[in-house]
Amino acid sequence: VQLQAFGGGLVQAGGSLRLGCTASGRAFSSYAMGWFRQAPGKEREFVAAISWNHIRTRYADSVKGRFAISRDNAKNMVYLQMNSLKPEDTAVYYCAAAGSVVVITTGVDYWGQGTLVTVSS
């Protein structure tokens with residue numbers, strides 16, 4: 001599975017942004033998909049994940065209630081809707097594929113290239 005994230009940009013605090021990740025490969029619908037981010041000088045951290053069948057989602061505490069992950073298996077796409085953005089959300093965002101939403105935080109099978117999100121105060 002090859003992944004490519006897109007949709008990053010510059011947004012003011014309080015604004016919204018929607019990230020997308022396109023996947024190639026016929027096995028996309030069998031993977032849990034997730035988003036991670038890495039801020040300057042910090043380690044990469046988990047943001048959100050969604051199961052292959054849309055039933056289960058997970059979010060980092062820092063984004064709960066503000067971010068929403070979704071996917072469209074027919075289009076091989078996963079999305080991250082980001083609302084009420086804060087300057088501390090500034091980071092490079094990466095999409096990822098893993099066996100389940102349980103293991104995605106410890107074992108990612110595929111990483112995509114990142115997209116930069118900058119939130120100005």
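## Tyrosine 93

In this predicted model, the side chain of tyrosine 93 reaches the backbone oxygen of aspartate 89 at 2.6 Å. A polar contact of 2.9 Å also joins the side chain of tyrosine 93 to the side chain of arginine 37. Tyrosine 93 sits in strand S9. Its relative accessible area is 0%, under the 20% limit, so tyrosine 93 counts as buried.

Tyrosine 93 and serine 24 are 69 residues apart along the chain, and their C-alpha atoms are separated by 19 Å. Two further residues that touch tyrosine 93 are treated below: methionine 82 and threonine 115.

## Largest pocket

The largest pocket has a volume of about 160 Å³. It is lined by 13 residues, and the closest to its centre are Arg37, Lys42, Glu45, Glu88 and Asp89. Arg37 and Asp89 are also the partners of the tyrosine 93 side chain, Arg37 through its side chain and Asp89 through its backbone oxygen.

By residue class, the lining of the largest pocket holds eight charged, three polar and two nonpolar residues.

## Nonpolar core

In soluble globular proteins, nonpolar side chains tend to be buried together. The largest nonpolar core in this model has 37 residues, and those with the most contacts inside it are Trp35, Leu80, Met82 and Tyr93. Two or more residues of this core come from each of strand S1 (2–6), strand S3 (17–24), strand S4 (32–38), strand S5 (45–50), S7, S8, strand S9 (91–98) and strand S11 (115–120). The element that gives the most is S9, with six residues.

Methionine 82, one of the residues with the most contacts inside the core, is in contact with Gly15, Ser16, Leu17, Leu19, Arg66, Phe67, Tyr93 and Val117, leaving aside neighbours within four places in sequence.

## Threonine 115

Threonine 115 lies in strand S11. Its relative accessible area is 10%, which is under 20%, and therefore threonine 115 is classed as buried. The side chain of threonine 115 reaches the backbone nitrogen of glycine 8 at 3.0 Å.

Not counting residues up to four places away in sequence, threonine 115 touches Ala5, Phe6, Gly7, Gly8, Leu19, Ala91, Val92 and Tyr93. Glycine 8 thus appears in the contact list of threonine 115 and as the partner of its side chain.

## Asparagine 76

Asparagine 76 is placed in the loop between strand S7 (67–72) and strand S8 (77–82). Phi of asparagine 76 is positive, at about 55 degrees, although the residue is not a glycine. The side chain of asparagine 76 reaches the backbone oxygen of glycine 25 at 3.4 Å.

Glycine 25 is also among the residues that asparagine 76 touches. With residues up to four places away in sequence not counted, the others are Cys21, Thr22, Ala23, Ser24 and Phe28.

## Loop between S5 and S6

Tryptophan 52 is in the loop between S5 and strand S6 (57–59). With a relative accessibility of 47%, which lies between 20% and 50%, tryptophan 52 counts as partly exposed. Tryptophan 52 and serine 30 are 22 residues apart in sequence, while their C-alpha atoms are 5.5 Å apart in space. Beyond residues up to four places away in sequence, tryptophan 52 touches Ser29, Ser30, Tyr31, Ala32, Arg71 and Asn73.

Histidine 54 lies in the loop between S5 and S6. Phi of histidine 54 is near 70 degrees, a positive value in a residue other than glycine. Histidine 54 is partly exposed, at 39% relative accessibility.

## Tryptophan 111

Tryptophan 111 lies in strand S10 (residues 110–111). At 38% relative accessibility, tryptophan 111 is partly exposed. Tryptophan 111 and phenylalanine 36 are 75 residues apart in sequence, with a C-alpha to C-alpha distance of 9.6 Å.

Phenylalanine 36 is also in contact with tryptophan 111. The other residues touched by tryptophan 111 are Leu3, Arg44, Tyr94, Cys95 and Ala96, not counting residues up to four places away in sequence.

Notes
Residues are numbered from 1 along each chain as its sequence is written. This is a predicted model: local features need pLDDT of at least 70, side-chain atom pairs count only at pLDDT 80 or more; totals for chains, interfaces and linings use all residues. Side-chain values use heavy atoms; hydrogens and water are left out. On a 1 Å grid over the protein atoms alone, a cavity is a set of points where a 1.4 Å probe fits but cannot get out, and a pocket is an open set with protein on both sides within 12 Å along at least five of seven lines; lining residues have an atom within 4 Å of a point. Grid points are joined across faces, edges and corners, and a volume is the space filled by probe spheres set on the points. Ala, Val, Leu, Ile, Met, Phe, Trp, Tyr, Cys and Pro count as nonpolar, Asp, Glu, Lys and Arg as charged, and the others, Gly among them, as polar. Helices (H or I, at least four residues) and strands (E, at least two) are DSSP runs, numbered from the N terminus. A polar contact is a pair of N or O atoms within 3.5 Å; within protein, one must be able to donate a hydrogen and the other to accept it, and residues adjacent in sequence count only if both atoms are side-chain atoms. Contact means heavy atoms within 4.5 Å. A nonpolar core is a set of buried Ala, Val, Leu, Ile, Met, Phe, Trp, Tyr and Cys residues joined through side-chain atoms within 4.5 Å. Buried means under 20% relative accessible area, exposed over 50%, partly exposed in between (1.4 Å probe, protein chains only).
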